[in-house]
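The following report walks through selected features of one protein model for a reader at the bench. Please keep the sequence and the coordinates at hand while reading.

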Amino acid sequence: MATQYPHVEDGIEIRVATEEDREGVWNLLCKYFFRDEPLTNGSEPKEETNFGKEFLLSNIAHGTCFLAVVKDTNELVGVTVAGPKGPEEPEHLAKAAAEEGNTKWGRILKFLEKVERDADVYKRYNVTKVLHVIATCVEEKMRGKNIGARLYNAVNDIGKQMGFELQTADCTSFYSARIKDRLGWECVNVAYYKDYFDADGKQVFRPDPPHECCKTFAIRL
């Protein structure tokens with residue numbers, strides 16, 4: 001039986017994000033996600049860190065994004081952004097990358113297009129309705145409390161309730177990939193940063209160790 005939300009455990013409430021949470025979600029992403037995310041901190045220009053706001057926050061409207069909140073203080077300490085995608089997702093990413101051009105965000109979108117095409121989860125799993133985890137972050141002082149896993153499981157629960165067939169995630173971080181592996185997700189594609197170059201033959205992403213690749217994971221719902 002799926003967990004019902006909001007759900008409280010060890011003083012942390014996991015609940016669905018609403019439109020009223022947009023700025024809180026964005027502020028937490030800016031403070032922790034972009035700072036730690038390998039595609040962001042591993043590419044140029046280094047000082048450019050916060051972008052794609054509408055791309056990310058538009059997913060709140062689907063009812064598939066979750067927050068982790070300290071119950072006693074109502075402090076937001078974790079967030080996961082997830083939304084639906086279909087077989088045409090590579091084309092959507094290609095169009096967005098072309099519109100953005102040769103910017104940092106444009107280069108990230110182009111890489112994600114390649115990852116999407118290579119993983120090809122629709123054909124691999126013979127599905128059409130997929131829920132994709134786009135971004136997850138946890139407040140630094142709250143790490144090690146299993147909050148990331150709880151957020152992923154919440155998306156899993158809501159995905160089942162909404163009739164999604166598959167849940168996926170492109171783990172650009174070594175640590176997020178480790179969580180998915182621990183939770184029993186299947187790794188379906190690996191894209192190494194050392195093998196990805198721009199038109200001039202320059203390696204695009206050079207994050208610090210232990211981040212060396214983007215792993216696409218999937219789990220049936």
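Does aspartate 10 count as buried or exposed, and at what relative accessibility? The model is a predicted one, in which local features need pLDDT of at least 70 and side-chain atom pairs count only at pLDDT 80 or more, whereas totals for chains, interfaces and linings use all residues. Residues are numbered from 1 along each chain as its sequence is written, and side-chain values use heavy atoms, with hydrogens and water left out.

Aspartate 10 counts as exposed because its relative accessibility is 66%, where buried means under 20% relative accessible area, exposed over 50%, and partly exposed in between (1.4 Å probe, protein chains only). Aspartate 10 sits in the loop between β1 (7–9) and β2 (12–16); helices (H or I, at least four residues) and strands (E, at least two) are DSSP runs, numbered from the N terminus. Although not a glycine, aspartate 10 has a positive phi, and asparagine 146, likewise not a glycine, also has a positive phi. The two residues are set out below.

| Residue | Phi | Loop | Relative accessibility |
|---|---|---|---|
| Aspartate 10 | about 55° | between β1 and β2 | 66%, exposed |
| Asparagine 146 | about 65° | between β5 and α7 (147–162) | 44%, partly exposed |

Asn146 is also one of the residues touched by arginine 182, together with Ala149, when residues up to four places away in sequence are not counted; contact here means heavy atoms within 4.5 Å. Arginine 182 belongs to helix α8 (residues 174–182) and, at 54% relative accessibility, counts as exposed. Its C-alpha atom is separated by 17 Å from that of cysteine 214, and the two residues are 32 residues apart along the chain.

Two peptide bonds that lead into prolines are cis. One joins glutamate 44 and proline 45, with omega about -5°, and proline 45 is found in the loop between α2 (38–41) and α3. The other runs from proline 209 to proline 210, with omega near 10°, and proline 210 lies in the loop between β7 (186–192) and β8 (213–220).

Turning to the interior, a nonpolar core is a set of buried Ala, Val, Leu, Ile, Met, Phe, Trp, Tyr and Cys residues joined through side-chain atoms within 4.5 Å. The largest such core has 34 residues, of which Val25, Leu29, Val79, Val81, Phe111 and Phe205 touch the most other members. At least two residues of this core come from each of several elements, including α1 (22–36), β4 (76–85), α4 (89–100) and α5 (104–119), and α1 gives the most, with seven residues. Valine 25 is in contact with Leu57, Ile60, Leu67, Leu76, Val79 and Val81, leaving aside its neighbours within four places in sequence. Apart from this core lies another, of 26 residues, among them Phe66, Ala68, Leu151 and Val155.

Finally, α4 and α5 pack at an angle of about 160°, with their axes 8 Å apart; axes are lines fitted to C-alpha atoms, for helices over the stretch in contact, and angles run from 0 to 180 degrees between N-to-C directions. The angle makes α4 roughly antiparallel to α5, since angles under 35 degrees count as roughly parallel, over 145 as roughly antiparallel, 65 to 115 as roughly perpendicular and the rest as oblique. Among the residues making the contact are Leu93 and Ala97 of α4 and Leu109 and Leu112 of α5.
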